[in-house]
Amino acid sequence: MLLRRFYDPKLAQASYLVGCTATGEALVVDPSRDLDPYFHAAGAEGLTIKHVTETHIHADFVSGARELAHRAEARLYLSDAGGADWRYGYRGESGATPLQEGSCFRVGALEIRTLHVPGHTPEHLAFLVTDTTAASEPMGAFTGDFIFVGDVGRPDLLERAVNIQGSMEESARQLFRSLQRFRSLPDYLQIWPGHGAGSACGKALGAVPQSTLGYEKRFNWAFGIAEEAEFVRIVLAGQPDPPRYFTQMKRINQSGPRLLGGVRRPARLPVGMLAASLAKGDTVVDTRPAAEFMLGAVPGTINIPVSRSFTTYAGTLLPYDRDFYLLVDDRRVQTVDELARDLAGIGLDRIAGYFGAETLEVWRTAQGRLQTIPTLTLAEVTAQRRTNRVTVLDVRGEGEWKGGHIPGSLNVPVGSLERQLAEIPRDGPVVVHCQTGARAAIAASFLRARGFTDVRLFPGGFAEWHAAGLEEAP
């Protein structure tokens, strides 16, 4: 048996290749949309990908299972354990093998047996792996978003991200029961989870890549609670706001991600096309650092800086139903390719092209102007608040805002800006802030692109306000 883990730190997402070296067959579990690493790893080990599966319908990234099975001409296995509402829409045309509780299939000498573990999602499966050449009991389990190192999958996403009202308490109860079933397995069982630290699919995931069931039973908080009602209360308390694009991921993964044939580098476009695109209302994303954008940017563009959080904000603010463009400092050759892969990974695969490093200079020469967004100090914010004309806009999450905020501020989380624009006054200055500045800078650029003429950024945010000991509202 051979096991390889693949990890995307930007999405905190893990996928796996498990192979039988005797027969040369391999299975890929929970693949991302970037397929080349799986083919390269299999080839390097003398394996052929013959089987592809996933633990559940993912909400945080676009699954590569459909395309990998298509390209590798491999058998696709999909859960059929969640009832009619949680079946894959493309299962028939893909020829997928349906999996239920107790289903078994072979990868050479490896036996893969499924356990239905609902809670995070109704159709969620765990896969027990037994190397029959050496053992009669499983070595480990691919647990997906069921059990993590130090945490368990959140059961509130169907209600909070997919808007299935009233579902999260019952999902939490199902999760508790699934854990009670799972704890009867041997302590030595290795746990190979689908996410690591930083994922929004749990509250406090560990950074260690794997664990054992015995360790988790001793130190994972979820196994230490004996009463179902208490578990439900704790698992639902304090869950962070899910990224808004999670709704799109569920829809795309259930209906079937479109086949890309590989993620291609978008075309480099002449700067002369930029004005016409903006005039048509096309979305253009400037990927430079926020500090550079504030000092000079093409009017109408949105700033989402390249960072580990790029995909989170892109999935929140960019359109899934039409083309969009990037503005990239492409003197770093890798940047454009990385961005295209990252965006395709969350379903944003309609990049119509990109504008290169010379864009600002060419625009300034042709148009004679660049947009700027002024930044304010703490003293300037406190002074401007006394005028009663300024709107202080807090773009943190609702939970953060309820924990303490600048008195009189308006709370519109950055992910809700598009649908709540009408709630933000346009007849005076808008001072935008978050906790430490990153979200506020993105929000300020978004407001300017949507026609707000007097937008100002308070980069110190609530963290600086709180540190100064100024008055706070609960």
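## Reading salt bridges, sheets and a helix contact

User: What does Asp454 count as at its relative accessibility, and why?

Analyst: Asp454 counts as partly exposed, because its relative accessibility is 28%, and the partly exposed range begins at 20% and ends at 50%. Please keep in mind throughout that this is a predicted model. Arg456, by contrast, falls under that lower limit and is buried, with a relative accessible area of 18%.

User: How are the side chains of Asp454 and Arg456 related?

Analyst: The general idea is that side chains of opposite charge can pair when their charged atoms come close. Here the side chains of Asp454 and Arg456 meet in a salt bridge, with 2.9 Å from N to O. Elsewhere, salt bridges with shared partners join Glu169, Glu170, Arg173, Arg177 and Glu228 into one network.

User: How many salt bridges does the structure hold, and which parts of the chain does the pair of Asp241 and Arg160 link?

Analyst: The structure holds 31 salt bridges. In one of them, Asp241 and Arg160 bring their closest N and O atoms to 2.8 Å. This pair links distant parts of the chain, since Asp241 sits in the loop between α6 (228-236) and α7 (246-255), while Arg160 belongs to helix α3 (residues 157-160), 81 residues apart. Asp241 is partly exposed at 42% relative accessibility, and Arg160 is partly exposed as well, at 33%.

User: Which residue forms a salt bridge with Asp349, and what does that pair tie together?

Analyst: Asp349 pairs with Arg258, and their closest N and O atoms are 3.0 Å apart. Asp349 lies in the loop between α11 (333-345) and β16, and Arg258 in the loop between α7 and α8 (274-279), so this salt bridge ties together parts that are 91 residues apart in sequence. Arg258 counts as partly exposed, at 47% relative accessibility.

User: Turning to the sheets, what is the order of the four strands in the open sheet with β13, and is their pairing parallel or antiparallel?

Analyst: Strands of a sheet pair through backbone hydrogen bonds, either parallel or antiparallel. In this open sheet the order is β14-β13-β15-β16, and the pairing is parallel. Its edges are β14 (302-303) and β16 (351-355), each of which pairs on one side only. Within the sheet, β13 (residues 283-286) and β15 (residues 324-327) are joined over four bridges in the parallel sense, and Asp286 stands opposite Leu327 in β15.

User: What kind of pairing does the open sheet of six strands have?

Analyst: The pairing there is mixed, and the strands follow the order β7-β8-β9-β10-β11-β12. The edge strands are β7 (104-107) and β12 (211-212). An antiparallel case is given by β11 (residues 190-193) and β12, which pair over two bridges, with Thr212 in β12 as the bridge partner of Gln190.

User: Which strands does helix α4 lie across, and how do α4 and α6 cross?

Analyst: Helix α4 (residues 168-182) lies across β8 (110-116), β9 (125-131), β10 (140-144) and β11, and runs at about 140° to β8. The axes of α4 and α6 come within 9 Å and cross at roughly 120°, and the crossing is right-handed. Among the residues that meet there are Leu175, Phe176 and Leu179 in α4, and Phe231, Val232 and Val235 in α6. The residues of this contact divide into nine nonpolar, no polar and four charged.

Conventions
Residues numbered from 1 in each chain as written. Predicted model: local features only at pLDDT ≥ 70, side-chain atom pairs only at ≥ 80, totals over all residues. Heavy atoms only, no water. Pairing = 2+ DSSP bridges. Salt bridge = Lys/Arg side-chain N within 4 Å of Asp/Glu carboxyl O. Buried < 20%, exposed > 50% of the residue type's maximum accessible area, 1.4 Å probe, protein only. Contact = heavy atoms within 4.5 Å. Axes fitted to C-alpha atoms, helices over the stretch in contact; angles between N-to-C directions. Left-handed = near helix turned anticlockwise from the far one by under 90°. Nonpolar A, V, L, I, M, F, W, Y, C, P; charged D, E, K, R; others polar.
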